[in-house]
Amino acid sequence: KSSAKAMEKELVTCSLQEKEKTAINRNQVFQMPQRKDLETKVIVVLGKAGMGKSILVQKICQDWSNGEFSQFEFVFWFDCKQISLPEKQYTLKELLLEFFVKPQEGSKEIFEYILQNPAKVLLVFDGFKGLHEHENFSRCSAIQPEKDLCSIKELLSGLIQKKILNGCTLLFTARPKDKLYQHMSKVDKIIEIVGFSPQQRELYITKYFEGLPYCDSALKLIKECEYLFSHCYSPVMCRFVCFLSETILEMGEKSLPSTLTEVFLKFFQQKIMLMQTDVITTQNQESLATLARIAWCLGVKHQSVMKSDLLPSKEVKEFALKYGFFLPFAFPRHSDAEEEEFGSTFSDFVIQNFLCALHLLLAEELKDRSLLKYLSFPSKKKKPYNWLDLMPRFLAGLIFLQDDPYFCSLSNEDEKQSTKKQKTLLKYIRRLQINNFCPERLLELLHCIYETQSNYLLQHVALRLKADLSFLGIVLTPPDVHVLHSILKRSRKEFSLDLRSSSIDMQGLKALVSLRNVTSFRASLSDTVRLWKFLEQTKDYELLKAATEKFVLDPFKAKTMKDISDLSDLVEMQEKMMNCVEDASGCTSYEIPAIRNLRKLEFALGPACGLQGLLKLVKILAAFPSLQHLDLDALSENGIGDEGAKSLSEVFPTLTSLETLNLSQNKITDLGAENLATALPSLSSLKTLSLYNNNICDFGAENLAKVLPAMTSLRVLDVQYNKITGVGAQQLTDSLRKCPHIKNLVMWNPTIPYGVLEHLQQLDSRISV
C-alpha cells in the first residue's frame, strides 16, 4: 500500500494540469535548454488512442532521414507490440543492430561507436502500454547491461535509470491512462497531442473529399451532425466519419447516424453485408461472431495482436483481412536461425472495442444481468476494462439498437431477448445513485446513456444530476462537452459548473455557458477571457454580458505568474466591457461581477517568483472592492521580503473591505514592519493580521505598538515566531492597554524569556502563547 501511495504521489507531482501548456512545433520536441547534455533525456508524448502519436514519431524519423534533427547520428524506432513479448530477451546490441537493423559489416565497430557517443542516439518506443502489466517496472539487475541478456522491461529500466547508454535521448508514446510508475519523476518533457481544432477538422474533411463532386455537401453533412463532428477531433474517428459520409452520399442518403454505435453498425454493414446472398450473409455472421470473441479475449489482456496459429480457422482470418478488420503482423526473430512468425493485429482500436461489445451481446453464455458488470460507470473500484474504454458505450448503444435493420443483418438474435436486455438495463440505471458519482464515472454514464438515445433514460439522468457539477482537473474532450450539453439542456434544474483545468476548448465553453439553466461557472481565467474577447469581436454582446454575469472567481488562488497575468487581463477586460455594455444597453458603467464579488485571494507563487508576482498583483488589487481575505502565506514560502511589504502597504488605502491579512513566512524584517505599520491604520475593516514566522525584531514591534490604538477594527494580531525580545513584547503589551477592541495577541517568540512572557500574560489575559 505504501509503495502504491508513493507512486500516486509522484504521478500527482507530475500532473499535466499543473504545467503551463503551450503549443509547440515538431522541431521543438527535443529542445530542453535547462538540461545537461551529458545526461539521458526522457520525453513522453501522450495522447488518446487514435490521436496520431505513431504518425508523429514516424514523421520525426522521416524528417531525420531528410536531414533534420542533425544532433542525432542514429535513430532507432521500436513498435512496443513487437518487442514486448515476455519470453524474449535481448542484449542492447541485439536490440539495436539485429532486431532493428542489420548492418552488412562492422556491427561491432558501430556498436562501440554508439556506446562512446550516446548523445548522438535517439531511441523511440512507440506504444508504451505494451511494456507493463500492473506490477512495478522491473529494475535492471544485469552486471553488464550493454552485453548481458535482459528482458525488454529491464533494458528500458536501465535506459531510463541512466545505467545503459547514459546521455542518449528516449522518446516514448503512451496513452494518458498508461502510468509510467516510478519513472515519471525522471521524465524531462511531456507533450500531449490534443487532437484537431474545429478548423483543422474542417480542413481534414475538405482534403478527404477534395476533387469529388459532393465535397461541399460532405462538410455540410458532417457539421450538421454536431455529435459526430465533435468526435472528429480524433484523427482516426475523423477518417471513419469521412468514410461513412462518402458511402452515404454515394447512396443518395441525406443524413448521418446520430450516435457512435449507429456509425459503426452502418460501417460494418456497408463493409460486409452489401449485395450478399443469404448463404454468404450467414457465413459472414458466423465469422463476425468468432472475430468478436477473439477481440474480447485479447482485449481483456490489453492486447490487439495474436499469432496465426491461435486463429480458429483460415476462413475467419481471410474474412478479417478481406474487410480490413485485421492487418498482417510480423513477430520479430531473435536470431537468423529462427523462422519468422506471422500473426494479425486489429486494424484499429475502435473496431476492437466495437467487436468486444458485439461479443458481449451475442455470447449465449452471458445472462442479461451479467452484461451490466461490463458497463464500467457503476463501479466504485478501479474500472476493470479501462483499456477498452469505448466498449461500454457501444454495449449500451447496441442493447437499444437490437431491432435496428443494420444490427439484424449482423446477428440473428430474436426480438424477445433484446427487449429483455433493455428492461434489465433500464431497471438497473433507475437504481443508480447518480448524484454520488465522481466526475469520470458520471461522464462515462452520460456517454452510455447518450448512445442509447432513449428519451426516458436521457430525461431520467438529466433530472438526477446534482446542481453543483465539478469537472476540476478532468479533461473534457469535444464529445464529452457535447454529451454533457445535450443532457443539461433537458433538465429543469439550475446548474453551477466547475470547468477549471479541464482543457475545454472555446467552442465547448461557449456552448455550456450559453445554456440558460447554467447559472454560474468556474473555468481557467485564460480560457474565460479568451471566450469574452471572441464574443466581443463577434459583437455577441448579449451572450458576453450573460457569460460575465455567470462567471465565478471567488475564492482565487494564484500559483504561477500566468495566474497573475490572467488576473490582470481580467481587470483590463472590465474596461473594454464598459464600452460593450454601453453600446448594447446604454448603461455607462459596468463591473464584472466576478471582480466585484472576489472576497478571498490566496497567493502561493513560492520564493522564485513571490516578489515579482506580488509587485504585479498590487497594481490591480484596487480593482477588487469586496476583497476581504488576502492570504500571502504559502507552504513553499513566498518570501516577498521588505520590498514586497512596502509595495503592498502603498495600496492599503484602496482595500477598504479587507478583514484578514496573512503575511506569515515572508522574510519581513523591521524595515518592512515599519512600512506596514505606517499604512495599517488605513485598513479600516481589518480584523485579523498575521505576521507569524518573519524576521521582525524589537524596532518593528515598537512601530506596530504605536499604531495599534489607531487600528480600531483589529481583533487578532499574530507576531509569534519572530525575533522580538522582552523589550518589544513589553511595548506591545503597553499598547494593548489602549486597545480594548483587540481580543487576542499571539506573541510567543523563542527570543522572549518564558518568565517575561508569563508575567505579561498575567498582566493581560488577551496575550496567548
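The legends below describe close-up views of a predicted model.

**View 1. Helix α8 has a buried face and an exposed face**. Helix α8 covers residues 215–224, and its buried residues are Cys215, Ala218, Leu219, Leu221 and Ile222. Seen down the axis of α8, these residues fall within an arc of 160 degrees, so they line one face of the helix. The face turned away from that buried side carries Asp216, Lys220 and Glu224, which are exposed. An α-helix has 3.6 residues a turn, so residues three or four places apart point the same way.

**View 2. The buried residues of helix α26 line one face**. Helix α26 spans residues 610–617. Its buried residues are Gly610, Gly613, Leu614 and Leu617. Viewed down the axis of α26, they fall within an arc of 100 degrees, so they line one face of the helix.

**View 3. Helix α20 is mostly covered**. In this helix, residues 478–488, 11 of 11 residues are buried. The buried residues include the prolines Pro478 and Pro479. Asp480, His482, His485 and Ser486 are also among them, as are Val481, Val483, Leu484, Ile487 and Leu488.

**View 4. Phenylalanine 209 and tyrosine 214 form an edge-to-face ring pair**. The model has 28 aromatic pairs by the rule used here. In this pair the ring centres are 6.2 Å apart and the planes stand at 70 degrees; angles over 60 degrees count as edge-to-face, so the pair belongs to that class. Both phenylalanine 209 and tyrosine 214 are buried.

**View 5. Phenylalanine 521 and phenylalanine 551 form a tilted ring pair**. Their ring centres lie 5.4 Å apart with the planes at 50 degrees, so the pair is tilted. Phenylalanine 521 is in strand β13 (residues 518–522), while phenylalanine 551 is in the loop between α23 (541–550) and β14 (556–558), so the pair ties together parts that are 30 residues apart in sequence. Phenylalanine 521 is buried, at a relative accessible area of 0%. Phenylalanine 551 also counts as buried, at 3% relative accessibility.

**View 6. A cis peptide bond joins aspartate 554 and proline 555**. The omega angle of this bond is about -5 degrees. Proline 555 lies in the loop between α23 and β14, where phenylalanine 551 of the tilted pair is also found. Most residues other than glycine have a negative phi, and most peptide bonds are trans.

**View 7. Ring pairs link aromatic residues into a cluster, and arginines lie over rings**. The cluster contains Phe240, Phe243, Phe264, Phe267, Phe268, Phe319, Tyr323, Phe325, Phe354 and Phe394. Arginine 239 lies over the face of phenylalanine 240, at 5.6 Å from the ring centre. The charged end of arginine 201 sits over the ring of phenylalanine 229, 4.9 Å from the centre of that ring.

**View 8. The second largest pocket is lined by 34 residues**. The space in this pocket comes to about 930 Å³. Gly50, Ser54, Lys81, Ser347 and Phe349 are the lining residues nearest its centre. The elements that give two or more residues to the lining are the helices α2 (53–65), α10 (235–250) and α14 (349–362), together with the strands β2 (74–79), β6 (169–174), β9 (326–331) and β10 (341–346). Helix α2 gives the most, with four residues. By class, the lining has 14 nonpolar, 11 polar and nine charged residues.

**View 9. Serine 503 and glutamine 665 have positive phi values**. Phi of serine 503 is near 60 degrees, and phi of glutamine 665 is near 55 degrees. Serine 503 lies in the loop between β12 (495–498) and α21 (506–513). Glutamine 665 lies in the loop between β17 (660–662) and α28 (670–679). Serine 503 is partly exposed, with a relative accessible area of 37%. For glutamine 665 the value is 17%; buried means under 20%, so this residue is buried.

**View 10. Leucine 469 in strand β11 is shown with proline 439**. Strand β11 covers residues 468–470. The C-alpha atoms of leucine 469 and proline 439 are separated by 8.0 Å, and the two residues are 30 residues apart along the chain. Leucine 469 counts as buried, at 3% relative accessibility.

Conventions: Residues are numbered from 1 along each chain as its sequence is written. This is a predicted model: local features need pLDDT of at least 70, side-chain atom pairs count only at pLDDT 80 or more; totals for chains, interfaces and linings use all residues. Side-chain values use heavy atoms; hydrogens and water are left out. Buried means under 20% relative accessible area, exposed over 50%, partly exposed in between (1.4 Å probe, protein chains only). The arc is that of the directions from the helix axis to the C-beta atoms. Rings of Phe, Tyr and Trp (its six-membered ring) pair if their centres lie within 6.5 Å; planes under 30 degrees apart count as stacked, over 60 as edge-to-face and the rest as tilted. A charge sits over a ring if NZ of Lys or CZ of Arg is within 6 Å of the ring centre and within 35 degrees of the ring normal. On a 1 Å grid over the protein atoms alone, a cavity is a set of points where a 1.4 Å probe fits but cannot get out, and a pocket is an open set with protein on both sides within 12 Å along at least five of seven lines; lining residues have an atom within 4 Å of a point. Grid points are joined across faces, edges and corners, and a volume is the space filled by probe spheres set on the points. Ala, Val, Leu, Ile, Met, Phe, Trp, Tyr, Cys and Pro count as nonpolar, Asp, Glu, Lys and Arg as charged, and the others, Gly among them, as polar.
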